[in-house]
Amino acid sequence: MRVLGVDPGLTRCGVGVVEGVPGRPCTLVAYYVVYTDPADDLPLRLLHLDRSLTDLVAEHRPDAVAVERVFSQHNVRTVMGTAQASGVAVLAGARAGLPVTTYTPSEVKAAVTGSGQADKAQMTAMVTRLLRLPEPPKPADAADALALAICHVWRGGTRSKLAAAAQRARRGGTR
């Protein structure tokens, strides 16, 4: 399974692509950070993000997209930009006909480190170790996007298989 993970952000949007199967180490395909200029008008920034994510989905042809679920922050302005970037990421996956799943930061942390309370340094160290990288992916947005992709391979992939099996059982099929 190939998964494109997105750590949404309006100024910096992390994107990571991994391949793997549940229970096995994943393999790094690529990672990026899409930047937008804070001096640009919001519609131009969102358009740039949309085009970039659409191009990356087309280039890497993932089986699924995993996006960090936006959670409430104290800074309303920051959460609004993150939410807008998240919507663009969800749309890029949906437009390509891909299943899109969102994960909370604590779900990703638990999947990758075993603790939903892990800090950024622990997350980056585990992503580096799990993907057998010679050095940590930089910036942190890229490492976070890779963590999302790993989380989906390990959790979402299994969830998807169980859902597909349940659906087949409801229809009476064995395929």
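These legends walk through several close-up views of a predicted model.

**View 1. Three positions that a record groups together: D7, E68 and D141.**
UniProt, in an unreviewed entry, gives the feature "active site" to D7, E68 and D141. Where do they sit along the chain and in space? They span 135 residues in sequence, yet no two of their C-alpha atoms are more than 11.1 Å apart, so they gather at one spot. The unreviewed entry in UniProt also places the feature "binding site" at D7 and D141. For this pair, spread over 135 residues of sequence, the largest C-alpha distance is 6.2 Å, so to speak a cluster in space. UniProt lists E68 for "binding site" as well, again from an unreviewed entry.

**View 2. A look at D7 in its strand.**
You can find D7 in strand β1, which covers residues 2–7. Is D7 buried or exposed? With a relative accessibility of 7%, D7 counts as buried. Leaving out residues up to four places away in sequence, D7 touches R12, C13, G14, E68, D141, D144, A145 and L148. Two of these partners, E68 and D141, share the "active site" feature with D7 in the UniProt record.

**View 3. A look at E68 and the residues around it.**
E68 belongs to strand β4, made of residues 64–68. Its relative accessibility is 18%, and residues under 20% are called buried, so E68 counts as buried. Which residues does E68 touch, not counting those up to four places away in sequence? They are V6, D7, P8, S86, Y103, P105 and L148. One of them, P105, comes back in View 6 as a buried residue of helix α3.

**View 4. A look at D141 in helix α5.**
D141 has its place in helix α5, which runs over residues 140–171. At 11% relative accessibility, D141 is another residue that counts as buried. Residues up to four places away in sequence aside, D141 touches D7, R12, G14 and V33. R12 and G14 are also among the residues that D7 touches.

**View 5. Helices α1 and α2 packed against each other.**
Here helix α1 (residues 42–60) meets helix α2 (residues 76–95). How are the two arranged? They pack at an angle of about 35 degrees, and their axes are 9 Å apart. The crossing of α1 past α2 is right-handed. From α1, the residues L42, L46, L49, D50, L53 and T54 take part, and they meet Q84, A85, V88, A89, A92 and R95 of α2. By type, the residues of this contact divide into 8 nonpolar, 2 polar and 2 charged.
Let us pause at L53, which is found in α1. L53 counts as buried, at 2% relative accessibility. Setting aside neighbours within four places in sequence, L53 is in contact with V6, V15, V88, A89 and A92. The C-alpha atoms of L53 and A92 are separated by 6.3 Å, although these residues are 39 residues apart along the chain.

**View 6. The buried face of helix α3.**
Helix α3 covers residues 105–113, and its buried residues are P105, V108, A111 and V112. Why do they line one face of the helix? Seen down the axis of α3, these buried residues fall within an arc of 130 degrees, so they line one face. After α3 comes G114, where phi is positive, near 90 degrees.

**View 7. T124 in helix α4.**
The last view turns to T124, found in helix α4 (residues 120–130). T124 is buried, and its relative accessible area is 14%. Apart from residues up to four places away in sequence, which ones does T124 touch? The partners are P136, P137 and A143.

How values were computed:
Residues numbered from 1 in each chain as written. Predicted model: local features only at pLDDT ≥ 70, side-chain atom pairs only at ≥ 80, totals over all residues. Heavy atoms only, no water. Axes fitted to C-alpha atoms, helices over the stretch in contact; angles between N-to-C directions. Helix = DSSP H or I, 4+ residues; strand = E, 2+ residues; numbered from the N terminus. Left-handed = near helix turned anticlockwise from the far one by under 90°. Contact = heavy atoms within 4.5 Å. Nonpolar A, V, L, I, M, F, W, Y, C, P; charged D, E, K, R; others polar. UniProt positions renumbered as here; feature names shortened; annotations may be inferred. Buried < 20%, exposed > 50% of the residue type's maximum accessible area, 1.4 Å probe, protein only. Arc of directions from axis to C-beta.
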